[in-house]
Amino acid sequence: MSKEIIQTDAAPAAVGPYSQAVAVPNGKMVFTSGQIGLDPKTNELVSDNFEAQVRQCFTNLSAVINAAGGSLENIVKFNLYLTDLSKFASVNAIMTELMPQPYAARSTLGVASLPKNAQFEVEAILVI
């Protein structure tokens with residue numbers, strides 16, 4: 001799949017591993033449901049540790065994407081939800097490590113709570 005990265009100096013530059021916008025010419029669109037840091041075997045959070053939850057979220061997301069016939073490279077948009085926005089830099093560091101370039105577009109929201117008292121949730125839109 002080819003992605004066209006949209007970037008303009010007329011809008012603020014990205015402050016993390018994401019692009020201002022991404023355009024795709026065609027393909028199968030997949031919209032994932034939100035993933036929290038649950039261990040798929042126990043259906044419980046992997047840890048109370050924020051970074052461990054973030055990593056498990058991306059492991060879970062990757063499993064769903066693989067089941068759809070895609071990979072992380074097919075993601076064009078992320079929505080991130082954090083219960084503590086002061087941990088934004090930790091998410092950026094993990095995403096920089098895990099996500100291939102060019103980066104997808106992204107939105108990040110601070111929320112009061114998430115299911116099962118999770119600290120982080122991720123959902124994605126991809127084109128295969």
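Colleague: Which backbone atom lies 2.8 Å from a polar atom of the side chain of T32?

Modeller: In this predicted model, that atom is the backbone nitrogen of A124. A pair of N or O atoms must lie within 3.5 Å to count as a polar contact.

Colleague: Where does T32 lie in the chain, and is T32 buried or exposed?

Modeller: A residue is called buried when its relative accessible area is under 20%. T32 has a value of 11% and is therefore buried. As to its place in the chain, T32 belongs to the loop between β3 (29–31) and α1 (50–67).

Colleague: Which residues does T32 touch, if those up to four places away in sequence are not counted?

Modeller: The residues are L61, V64, I65, E123, A124 and L126. A124 thus appears here again, having already supplied the backbone nitrogen discussed above.

Colleague: May we read a serine in the same manner? Which backbone atom lies 2.6 Å from a polar atom of the side chain of S19?

Modeller: The backbone oxygen of Y103 lies at that distance. S19 sits in the loop between β1 (4–6) and β2 (21–23). Its relative accessible area is 10%, so S19 is buried. Leaving aside neighbours within four places in sequence, S19 is in contact with I5, Y103, A104, A105 and R106.

Colleague: How should one read the buried residues of a helix?

Modeller: An α-helix has 3.6 residues a turn, so residues three or four places apart point the same way. In helix α2 (residues 88–98), the buried residues are V91, N92, I94 and M95. Their cover includes α1, β4 (75–82), β5 (105–110) and β6 (120–127).

Colleague: How many helices and strands does the protein have, and in what order do the elements run?

Modeller: There are two helices and six strands. From the N terminus, the order is β-β-β-α-β-α-β-β. The radius of gyration is 14 Å, close to the 14 Å that the globule rule gives for 128 residues, so the protein is as compact as a globular protein of that length.

Colleague: What share of the residues counts as buried, and what share of the contacts joins residues at least 24 apart?

Modeller: Of the 128 residues, 38% count as buried. Among contacts between residues at least 6 apart in sequence, 73% join residues at least 24 apart.

Colleague: Finally, how many positive and negative side chains are there?

Modeller: The protein has 8 positive and 11 negative side chains. The centres of these two sets lie 4 Å apart.

Terms used:
Residues are numbered from 1 along each chain as its sequence is written. This is a predicted model: local features need pLDDT of at least 70, side-chain atom pairs count only at pLDDT 80 or more; totals for chains, interfaces and linings use all residues. Side-chain values use heavy atoms; hydrogens and water are left out. Helices (H or I, at least four residues) and strands (E, at least two) are DSSP runs, numbered from the N terminus. The radius of gyration is taken over C-alpha atoms; the globule rule is 2.2 Å times the number of residues to the power 0.38. Buried means under 20% relative accessible area, exposed over 50%, partly exposed in between (1.4 Å probe, protein chains only). Contact means heavy atoms within 4.5 Å. Lys and Arg count as positive and Asp and Glu as negative; His and the chain ends are not counted. The place of a charge is taken as NZ of Lys, CZ of Arg, CG of Asp or CD of Glu. A polar contact is a pair of N or O atoms within 3.5 Å; within protein, one must be able to donate a hydrogen and the other to accept it, and residues adjacent in sequence count only if both atoms are side-chain atoms.
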